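I opened a notebook for this structure and wrote down each thing as I looked it up. The entries follow the order in which I went.

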Amino acid sequence: MTSLSICVFCGSRSGANPAYEADATTLGQAIAQKNWRLVYGAGDVGLMGAVARSNQAASGKTFGVIPTHLLKREVGKTDLDQFVVTENMHERKKVMFMNCDAIVLLPGGAGSLDEFFEVLTWRQIGLHDKPIVLLNTENYWQPLLALLDHIIDQGFADASLKTYFTVADTVETALSQLESA
C-alpha cells in the first residue's frame, strides 16, 4: 500500500519502560520512510511527542488533532503539516479517524483505551473495516487481551471480536500487518 495515513493512538506520557518510547520513535520514523502520513493527537509530550518528532526528523508528513482544552497540557505541536484544533475529545477522535486508513495503538492510558474501544466498537458493528494494530511492546497489552478473552468467555461478545484487530510484538511486524491489510 502506498500513500497511507496511519492514525497512532498512544500515551501523552512516556511510561515506565524506555522500550515504549523507543518503539514510538521507531514507528514515527518508519511511517515517514514508507511515505505514509502520521495522524495523531498533536501533542509534543510523551509517546505522542516521540512519534511525531521522529516522523518529522525523517521528513514525514504529519496531521495532528488536539482539543482546545489540551493545548497547554499536551503542548500542542504547531509545527505539523496540518494542525487542527477541535472543541472537544469526541471531535478530535472523529477527525483523526476520518483522516486515516489504519490505526496503530501504542502503549497508553485511559485515553488510548477510549480511542481503541471506540474504533473497535465501530468495526464490530460494521461502521468501518480499517485495520487496527495493537503494538504490544514488551507485552504491555497482555492484560487488555486477557480482558477481551474474559468478555468473550462470559458471553458479552463473540469470538469474532478478536478478528477485528491484530497484535504485533514489534514495529516491524506492525508495519507488515499494515502493508498486507
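Entry 1, two helices. I began with helix 1 and helix 6, whose axes come within 10 Å of each other and cross at roughly 40°. I noted the crossing of helix 1 and helix 6 as right-handed. On the helix 1 side the contact is made by Asp23, Thr26, Leu27 and Ala30, and on the helix 6 side by Val171, Glu172 and Leu175. I should record here that I am reading a predicted model.

Entry 2, helix 1 by itself. I looked up its extent: helix 1 covers residues 18–33, which is 16 residues. From first C-alpha to last, helix 1 reaches 23 Å, close to the 22 Å expected at 1.5 Å a residue. Which residue caps the N-terminal end of helix 1? I found Asn17 there, with a side-chain oxygen 2.8 Å from the backbone nitrogen of Ala19. Just after helix 1, I noted Asn35 with a positive phi of about 60°.

Entry 3, the buried side of helix 1. I listed its buried residues as Ala19, Tyr20, Asp23, Ala24, Leu27, Gly28, Ala30, Ile31 and Ala32. I then asked what the buried residues of helix 1 pack against. The partners I found are strand 1, strand 2, strand 5 and strand 6, together with helix 2 (46–57) and helix 6 (171–180).

Entry 4, the sheet. I traced seven strands in an open sheet, in the order 4-3-2-1-5-6-7, with parallel pairing. Which strands are at the edges? They are strand 4 (82–86) and strand 7 (166–168), each of which pairs on one side only. The twist from one strand to the next averages 20°.

Entry 5, strands 5 and 6. I looked at strand 5 (residues 102–105) and strand 6 (residues 132–135), which run parallel and are joined by three bridges. For Ile103, I found the bridge partner in strand 6 to be Ile132. I also checked which way the side chains of strand 6 point: Ile132 and Leu134 go one way, Val133 and Leu135 the other, and all are buried. As a general point, side chains in a regular strand alternate between the two faces of the sheet.

Entry 6, helix 3. I placed helix 3 (residues 89–98) across strand 1 (5–9), strand 2 (37–40), strand 3 (61–67), strand 4 and strand 5. Helix 3 runs at about 160° to strand 3. At the start of helix 3, I found a side-chain oxygen of Asn88 within 3.1 Å of the backbone nitrogen of His90. The buried residues I noted in helix 3 are Arg92, Lys93, Val95, Met96 and Phe97.

Entry 7, Lys93. Is Lys93 of helix 3 buried or exposed? Lys93 has 6% relative accessibility, so I counted this lysine as buried. Leaving out residues up to four places away in sequence, I found that Lys93 touches Asp114, Glu115 and Glu118.

Entry 8, Leu120. I located Leu120 in helix 4 (residues 110–124). Leu120 counts as buried because its relative accessible area is 2%, under the 20% cut-off. Beyond residues up to four places away in sequence, Leu120 touches Ile132, Leu161, Tyr164 and Phe165. Ile132 is the residue I had already entered as the bridge partner of Ile103. I also looked up Leu120 and Lys162, which are 42 residues apart in sequence and 9.4 Å apart in space, C-alpha to C-alpha.

Entry 9, positive phi in loops. I looked up Val75, which sits in the loop between strand 3 and strand 4. Val75 is not a glycine, yet its phi is positive, near 50°. At 40% relative accessibility, I entered Val75 as partly exposed. Next I looked up Glu138, in the loop between strand 6 and helix 5 (142–153). Glu138 is likewise a residue other than glycine with a positive phi, here near 45°. Is Glu138 buried or exposed? Its relative accessible area is 56%, so I entered Glu138 as exposed.

How values were computed: Residues are numbered from 1 along each chain as its sequence is written. This is a predicted model: local features need pLDDT of at least 70, side-chain atom pairs count only at pLDDT 80 or more; totals for chains, interfaces and linings use all residues. Side-chain values use heavy atoms; hydrogens and water are left out. Two strands pair if DSSP finds at least two bridges between them. Axes are lines fitted to C-alpha atoms, for helices over the stretch in contact, and angles run from 0 to 180 degrees between N-to-C directions. Contact means heavy atoms within 4.5 Å. The expected span of a helix is 1.5 Å times one less than its number of residues. Buried means under 20% relative accessible area, exposed over 50%, partly exposed in between (1.4 Å probe, protein chains only). A polar contact is a pair of N or O atoms within 3.5 Å; within protein, one must be able to donate a hydrogen and the other to accept it, and residues adjacent in sequence count only if both atoms are side-chain atoms. A crossing is left-handed if the near helix is turned anticlockwise from the far one by less than a right angle, and right-handed if clockwise.
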